[in-house]
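Student: I would like a close look at a single part of this model, worked through slowly and with the criteria stated.

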Number of protein chains: 2
Amino acid sequence: MTALQELKAELRTIHDLHSAAAVLEWDQSTYMPARGAEARGRQIALLGKLAHERRTSPRMADLLSQLSGLSDDESVDGALYRRAHRLWERATQVPAELVAEAKAHAAETYVAWTQARAENNFAAIRPFLEKNVELSRRWAGCFPDANHVLDPFVDAMDPGMTAASIRTLFSELRDELVPLVEAILEKPAPDRSCLEQFFPKDQQLAFGRQVVTGLGYDFARGRQDLTAHPFMIRFAANDIRITTRVNENDLEPALLGTVHEAGHAMYEQQIDPAFDGTPLGEGTSMGVHESQSRLWENLVARSRPFWLCYFPELRARFPDQFRDVTVDEFYRAINRVGRSLIRVESDEVTYNLHVMLRFELEAQMLEGTLPVADLPDAWNARIQNDLGVTPASDAEGCMQDVHWFASTVGGTFQGYTLGNLMAAQFYQAAEKALPTLSAEISRGNTAPLRQWLAEHVHQHGARYLPDELMVRATGRPLEIAPFLAHLRAKYGDLYGLTP
Amino acid sequence: MTALQELKAELRTIHDLHSAAAVLEWDQSTYMPARGAEARGRQIALLGKLAHERRTSPRMADLLSQLSGLSDDESVDGALYRRAHRLWERATQVPAELVAEAKAHAAETYVAWTQARAENNFAAIRPFLEKNVELSRRWAGCFPDANHVLDPFVDAMDPGMTAASIRTLFSELRDELVPLVEAILEKPAPDRSCLEQFFPKDQQLAFGRQVVTGLGYDFARGRQDLTAHPFMIRFAANDIRITTRVNENDLEPALLGTVHEAGHAMYEQQIDPAFDGTPLGEGTSMGVHESQSRLWENLVARSRPFWLCYFPELRARFPDQFRDVTVDEFYRAINRVGRSLIRVESDEVTYNLHVMLRFELEAQMLEGTLPVADLPDAWNARIQNDLGVTPASDAEGCMQDVHWFASTVGGTFQGYTLGNLMAAQFYQAAEKALPTLSAEISRGNTAPLRQWLAEHVHQHGARYLPDELMVRATGRPLEIAPFLAHLRAKYGDLYGLTP
């Protein structure tokens, strides 16, 4: 066996250990009896530990060193080497003791957070978050080349980005978004009562299944189950699953959630099968992954062409609920912009303000410029400024998201907005290449879009870093203009804004 | 850490690797999209390999050697040492190359068997079975202390038993069973048409769930799903699952199959929780495990007291199907004895003739006294002699069961009949200790039986070998008398036989 073959075999073993752990996690979220949790946690941790041991073994270091000639190679093997090296470096850079301490603290924090949030008691969670910030700073300290304390976390999720580059991008975006939101919210809100009727669970699931089958999610290589929090999970190229949850009194969350997860899954389903079992056989970053879920959710499934095709199907399935609703009324309802306090319930326009707020506050906490004790005030001031609302409680303010209370602080939010920006830029490029795209979608034909994405984004898996992928697919680096153009065109029309 | 603590930690890691593989296998049989099979097989094999490496590591040998003082210790730790040593010995005794060759051949044989059986072509599978017999003989040759070529396989499944001891037992049993079956089959067969109606799947599942909940299977620490072949599977003390399949045109298979698997599961659910994650935290042998499934299936769920309680429930759920059926007609129907050619479709009385036939023929094949080419004739002669029927084809003769075509030959059948014998002996002891047992069951109260089993059988897990467990629980070594007494009393009454 050559060193390269041996590296690939070793990477495949690591991949298979992670995939096995993923099956255990999927079952934990779907079918496991609650009392199985303790042993399951131990078994998942064991598989993670075995994978980490192999990732950081002397043999792995030796193989990578023998293969360092590949580091600038433009071939697939070169890309494989670079990603394997990157994963090895990240795994070896943080001492095992710190990893263990941070994990143990995160587990305690999570338990404390569920209670503190239920009791709206920020004081109770504050010392946990303070220690988590301190642990995160020590973690970042293991990366001495980083320019900013947030950079190692950002780089882990969205390679190529830095705290500085994101701040610049987000600052420009916010300057445009805040006045746009203001202009929209001055107008009368569309009526969304047609979505807030009783829709039986099985019928919602059947319609969601019909929609994502139509969009191109391949159930022969996947399936959908119910979970408390929806997700997409990959076990192998031919086993990529999604989950959802259903609110019987609101049609929107399960439907668009299903499309969202199917968007993630279609990305994974269209990766070059030759990459399966290697570090190239997955999405290249959180931002690019989120771009694929948001593209299908927002640019397709919230579009008028899409509903021209699917509204008759929806009405056939729910004739009583939609007897007196027109497709345009429905289209307006499903695109209502509002002053939500809660990120996960917010709309396509305001969502990014929620994300940017979190990114900025976590940056300041890690820098030490925002003491954890001042977090609630800083949160409330910012959301009042951006959206004109103030949370009545910290439970619906700075304690609402699990992210800061279940892992190290930092790097887990920016990808949501990067994804929205990328989605618009990819979609603009696809529209340019496919002049009849809208017309095809209104006839229920998404194959051209899927094929464009397969060719320019999906098949490459993690071969290219996000920047390079973006330039290859759209001819330009990441920009905010396509996203703003999309919002201005769509919501200008929907809300009758003066251009 | 002491050597004993280190041994326990190492055994727990091995247990957790096997449990993780079990979750992957469960998903493979329940929910996995078919196309996920290739990667899944690789991932299950990886976990098995890692467990085997740890089981046979120099460190394990060293720990066991340090702890050899425990080998005669009567404590739980002594039992743990003995079982760990036994598992280590079995794992180290067969060379890895032979294990790999046998596995590879078994996989090829399985594929060839599915086709040969479908085409009723024994000639096509014959060379595969011949090689499998040869591999099995080589495998047995790795155990030079064995008196008979079948002994290593029997010992792996039913420790303490040998080919000789089973032949003696089975010979006595057959001498009694053959005339009993003849006497029964001379009488008119009960009418089972009430079972052969249309019973919708969901209703069958709901009734099965109601029954096994009533019997004591704890769904808070388990669940039931659908599979092509039903099984019980343990992931941890608090996650022990069962599966079933449903024939909508026959009530019996899913109902009694569910009780059967729940019987296996209740054994596992009542093992001392302190044994979880150790080699003592599982059933002690195939025979004892089967005794628990058969006890609930045959001695409880085919009994008249049980149906006195559950027939009204059944009729309430299926009023049209059972409007004109009495509980005694139903009891007779569900206990019909017949000349089945197929083991898995046979009744409580003839089942053991099917098992003994297989045990004897596999013994002769391994001894070399029965050439594989003569297997069909030997099979047909024996079943004609024992049951008065001859298969019209080898597909419903010697090719019907997967066992010889999916693993080494030997040791996998005797446990079914050992289980039937043990079940009757355990039940007889329970009846003696609980004089109102039948009356309680007819009131739907199985708690006393469950508690008796927990105390005398279940809690001990694999602490005692089957022989010792039997003597502790019933005061006697394994005997055929209780089983024959049960059959004679029950079927004498049902069929009006002269005593």
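Student: In what order do the strands of the open sheet of chain B stand, and is the pairing mixed or not?

Tutor: This is a predicted model, in which local features need pLDDT of at least 70 and side-chain atom pairs count only at pLDDT 80 or more, while totals for chains, interfaces and linings use all residues. Residues are numbered from 1 along each chain as its sequence is written, chains are lettered from A and ligands numbered from 1 in the order in which they are written, and side-chain values use heavy atoms, with hydrogens and water left out.

The open sheet of chain B has 3 strands in the order E1-E3-E2, and its pairing is mixed; strands here are DSSP runs of E with at least two residues, helices are runs of H or I with at least four, and both are numbered from the N terminus, and two strands pair if DSSP finds at least two bridges between them. At the edges stand strand E1 (224-226) and strand E2 (232-236) of chain B, each with a single partner strand, so one side of each is left without a neighbour in the sheet. From one strand to the next the twist averages 30°, where axes are lines fitted to C-alpha atoms, for helices over the stretch in contact, and angles run from 0 to 180 degrees between N-to-C directions.

Within this sheet, E2(B) pairs with strand E3 (residues 239-244) of chain B in the antiparallel sense over 4 bridges, and B:Arg234 stands opposite B:Ile240 in E3(B).

Chain A also has an open sheet of 3 strands with mixed pairing, in the order E1-E3-E2. There, E1(A) and strand E3 (residues 239-244) of chain A pair in the parallel sense over 3 bridges, with A:Thr243 in E3(A) as the bridge partner of A:Asp225. Helix H10 (residues 252-269) of chain A packs on this sheet and touches E1, E2 and E3 of chain A, contact meaning heavy atoms within 4.5 Å; the direction of H10 makes about 165° with that of E3(A).

As for how the two chains are related, chain B can be laid on chain A with an RMSD of 0.1 Å by a turn of 179° and a shift of 0.0 Å along the axis, which is the relation of a two-fold axis; the superposition is by least squares on the C-alpha atoms of residues with pLDDT of at least 70 in both copies. Of the interface residues of chain B, 100% are also interface residues in chain A, so the copies meet through the same surface.
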